[in-house]
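Colleague: I'm new to this one. Could you show it to me and let me ask why you call things what you call them?

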Amino acid sequence: MPELPEVETVAADLRPQLIGSRFAAAHIHWPRTLAAPDAELLDAQIVGREVIAIGRRGKYLLVHLDSGQTLIIHLRMTGQLAVVADDSPLLSDPHLRAAFDLADGRHLTFTDARKFGRIWLVDAIEQVVGKLGPEPLDWTFTPEALTERLQTRRVAIKALLLDQTVVAGVGNIYADEALFMAGIHPLRPAASLTGDEIVRLRDAIRAVLQESIDARGTLLRDYRTPYGQDGAYQNHLRVYQQTGQPCARCGASIERIRVTQRGTHFCPRCQS
DNA sequence: ATATCTGCCTGCTCGC
DNA sequence: TGCGAGCAGGCAGATA
């Protein structure tokens with residue numbers, strides 16, 4: 001499931017493929033994939049527009065156009081983007097939900113088996129990403145910023161890390177990995193964290209995300225990079241999907257519990 | 001305001 | 001081997 005490092009990797013891969021290219025048409029094959037505007041207006045507004053930059057905010061991919069508008073794509077669980085030639089079998093993939101024709105004959109494809117992914121074309125990105133919390137790798141993600149969002153909350157810290165208004169881009173994998181690295185039990189009430197623990201957690205979030213970006217993300221069932229190169233962070237996972245394996249730090253058996261409906265992995269000895 | 005639950009979806013794994 | 005049940009989970013929207 002793509003989280004911040006995976007979306008960052010997709011953005012890096014798409015940049016050389018798309019910047020400077022123009023759109024010639026937009027085709028929506030599964031209507032719910034397009035959140036806004038409607039398909040007719042999307043096509044009218046995107047035709048002839050050139051991609052000038054590709055960015056990311058949280059788990060949202062931002063394709064900036066020369067019109068000032070931005071095409072925003074959220075991969076959710078199973079969404080995948082690729083830039084392909086006219087004869088690509090991806091164009092007839094049964095999971096193809098949207099396809100954007102480029103003026104040079106190539107296509108930007110969006111395949112998504114589970115149909116959870118969403119696409120927007122907006123005048124201002126705040127319409128979609130306005131409520132997100134700080135970018136964890138930016139200087140704005142300070143211990144103070146995290147403290148402010150945790151200190152009044154009684155829910156489990158694991159649940160709060162998945163709240164995109166607390167910090168943008170962390171999902172189930174990196175929440176578990178960051179809590180392990182910080183030595184904090186996932187069920188701890190958020191407001192019970194000490195100042196020292198919040199600093200450790202903030203540093204751990206940044207460290208696991210950066211490590212994963214450096215490895216091109218985590219390759220699991222639902223995430224592939226556009227051109228088939230493999231992310232490698234699944235080889236670095238310390239607790240996620242390591243249930244029953246010995247903890248690399250202390251040797252205790254990694255446990256799996258449910259925290260607000262989410263599978264949660266942790267070391268019962270290292271995390272308290 | 002905060003916390004929890006449900007729906008969206010389909011492919012995969014598991015147990016019989 | 002076949003098959004149905006349950007699970008996976010990000011996020012919006014509803015409910016308590």
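**Helix H6, the sheet and the DNA**

Modeller: Let's start with helix H6 (residues 172–182), which is mostly covered, with 10 of its 11 residues buried. Keep in mind that this is a predicted model, where local features need pLDDT of at least 70, side-chain atom pairs count only at pLDDT 80 or more, and totals for chains, interfaces and linings use all residues. Residues are numbered from 1 along each chain as its sequence is written, chains are lettered from A and ligands numbered from 1 in the order in which they are written, and side-chain values use heavy atoms, with hydrogens and water left out.

Colleague: What makes a residue of H6 "buried"?

Modeller: Buried means under 20% relative accessible area (1.4 Å probe, protein chains only). Among those of H6 that pass are Ile173, Tyr174, Leu179 and Phe180. Asp176 and Glu177 are on the list too.

Colleague: What do the buried residues of H6 pack against?

Modeller: Helix H1 (4–18), helix H5 (157–161), helix H7 (195–214) and strand E11 (262–266). Contact here means heavy atoms within 4.5 Å. Just after H6, glycine 183 takes a positive phi of about 70°.

Colleague: And how do you know that strands E4 and E5 pair?

Modeller: Two strands pair if DSSP finds at least two bridges between them. Strand E4 (residues 60–65) and strand E5 (residues 70–74) have 5 bridges, in the antiparallel sense, so they pair. Leucine 62 stands opposite isoleucine 72 in E5. Both strands belong to an open sheet of 5 strands in the order E2-E9-E5-E4-E3, with mixed pairing.

Colleague: Why is one side of E2 and of E3 left without a neighbour in the sheet?

Modeller: Strand E2 (34–36) and strand E3 (51–57) stand at the edges and each has a single partner strand, so one side of each has no neighbour there.

Colleague: Now the DNA. Which residues are closest to strand B?

Modeller: Arg32, His95, Lys115, Arg153 and Arg154, out of 12 that surround DNA strand B. A residue is near the strand if one of its heavy atoms lies within 4 Å of it.

Colleague: What makes the approach of lysine 115 to a phosphate oxygen a polar contact?

Modeller: A polar contact is a pair of N or O atoms within 3.5 Å. An N or O atom in the side chain of lysine 115 is 2.5 Å from a phosphate oxygen of DNA strand B, so the pair qualifies. Histidine 95 also reaches a phosphate oxygen, at 2.7 Å from a polar side-chain atom. Valine 155 uses a backbone N or O atom, 3.3 Å from a phosphate oxygen.

Conventions
A polar contact is a pair of N or O atoms within 3.5 Å; within protein, one must be able to donate a hydrogen and the other to accept it, and residues adjacent in sequence count only if both atoms are side-chain atoms. Buried means under 20% relative accessible area, exposed over 50%, partly exposed in between (1.4 Å probe, protein chains only). Helices (H or I, at least four residues) and strands (E, at least two) are DSSP runs, numbered from the N terminus.
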